[in-house]
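Here are my notes on the two-chain model you sent over. Have it open while you read, since the points go chain by chain and then on to the contact and the core.

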Amino acid sequence: MAIEGSANMIGYGLAAIGPGVGIGLIFAAYINGVARQPEAQGRLQTIAILGFALAEALAIIGIALAFVL
Amino acid sequence: MSLVATLIPRGEEFTPPGPGDFNLPPIGPDKTFVFLGETMYLGVTKPIIMLVLSAVLIFVFFRAAAAKGAMVPGRLQFVGEQAYTSVRNGLGRDVIGSHDFQRFVPYLFTLFFFILLNNFFGSLPFIQFPTFSRSGMVYSLALLSWVIYNAAGIRAKGGLLKYLKHQCVPQGVPVAMLPLLIPLEFMSNILVRPVTLALRLFANMLAGHILLILFALGGEYLLVHGALAVKPVGVVAWLLFIAISFLELLVQFLQAYVFTLLNAMYISGALSDEH
């Protein structure tokens, strides 16, 4: 069986596993923290958004390079 | 009609969108000139007009909001005040600290709304081009941020060497590991930070817009050129295009917020007293 097309999308699919797991961990910690202490939601939300953006950056670099290269 | 015949594709090939689609044609006289060995266009391109337009729009909005200055604010003044205080408190005071955040609030405020409006240009009808999908503009913003946080740190620590020691030498580390850690920290804190800052915003805008173009063009190709049984997939592609447009709105806001937040954190890290 011959598969045509570029391997870019396969590469992106593999590369998206890491950030997917990472973002799940970050928001699991955020939900746990807010569940234990609901008053901390404001403080924790800033840190959660920051962690999400840092982990998402790798996935976004993956899809951008999948189209560019 | 046999089932197989309804699935065989016909028509010309589908060309996927790529970064070449982001080179917009110049507006103005169709002449080029040579400057330092590169051919440059004589007209302006759409992203340049959008940059200037966004700056003018933000200035006009906040000028109109601050015009009356009443003790009991009207609606426009209230919106302007909420926008300003949310950046000043949430991003300035809470991240940099209440002692010396006021010097940096103008920069953070301008940065946040500039990036926000330019990102939203990617979703506004008739414009629909996120300015920061052109990498040159993003890297200049990152360069400015780099200069600001380094200059703030050098002035706060009182010298280049003391500032570098503050950034590159973590405390509580055994001396044997320092030759390994210092180049790593130098690269990570001073060399790589502007690159990741810019790359995050640029790649998000580029990839999001390419995804939208892909769904739109792919849906059109499937509907027009696809075999009979494949045509409904084109409609599904267009429905997903609408769904991902909403996701793009969220991503555009989030990227502006994260760029400004990271800037505030780098400034706070450069100014901080303890590790």
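1. Chain A first: along the sequence it reads α-α-α, so to speak a plain list of three helices and zero strands. Helices here are DSSP runs of H or I with at least four residues, strands are runs of E with at least two, and both are numbered from the N terminus.

2. Before going further, the ground rules. This is a predicted model, so local features need pLDDT of at least 70 and side-chain atom pairs count only at pLDDT 80 or more, while totals for chains, interfaces and linings use all residues. Residues are numbered from 1 along each chain as its sequence is written, with chains lettered from A and ligands numbered from 1 in the order in which they are written.

3. What are the dimensions of chain A along its principal axes? The C-alpha trace spans about 55 × 25 × 10 Å. Its radius of gyration is 17 Å, against near 11 Å for a compact globule of 69 residues. (That radius is taken over C-alpha atoms, and the globule rule is 2.2 Å times the number of residues to the power 0.38.)

4. Burial in chain A comes to 14% of the 69 residues. Buried means 20 or more other C-beta atoms within 10 Å of the residue's own, exposed means 12 or fewer, and partly exposed is in between, with C-beta atoms placed from the backbone. Among contacts in chain A between residues at least 6 apart in sequence, 71% join residues at least 24 apart; a contact is two C-beta atoms, placed from the backbone, within 7 Å.

5. Chain B has eight helices and two strands, in the order β-β-α-α-α-α-α-α-α-α. With a radius of gyration of 24 Å, well over the 19 Å that the globule rule gives for 275 residues, chain B is more spread out than a compact globule. Its C-alpha trace spans about 80 × 60 × 45 Å along the principal axes, and 27% of the 275 residues count as buried.

6. The two strands of chain B, strand 1 (residues 32-35) and strand 2 (residues 38-41), run antiparallel and are joined by four bridges; pairing takes at least two DSSP bridges. Val34(B) has Thr39(B) as its bridge partner. Two residues sit between the strands of this hairpin, and Leu36(B) takes a positive phi near 55°.

7. How sure is the predictor? Chain B averages a pLDDT (confidence per residue, from 0 to 100) of 87, and 95% of the residues score at least 70. Among the elements of chain B, strand 2 has the lowest mean, 74, and helix 3 the highest, 95. For the whole model, ipTM is 0.81 and pTM is 0.87.

8. How many residues does each chain bring to the contact? Chain A gives 10 residues and chain B gives 14. By class, the chain A side has 10 nonpolar, no polar and no charged residues. Nonpolar covers Ala, Val, Leu, Ile, Met, Phe, Trp, Tyr, Cys and Pro; charged covers Asp, Glu, Lys and Arg; the others, Gly among them, are polar.

9. Finally, the largest nonpolar core has 51 residues, and Leu108(B), Phe112(B), Phe202(B), Phe259(B) and Ile267(B) have the most contacts inside it. Helix 8 of chain B gives the most to this core, with 11 residues. (Such a core is a set of buried Ala, Val, Leu, Ile, Met, Phe, Trp, Tyr and Cys residues joined through C-beta atoms within 7 Å.)

Note on methods
pLDDT is the predictor's confidence in each residue, from 0 to 100.
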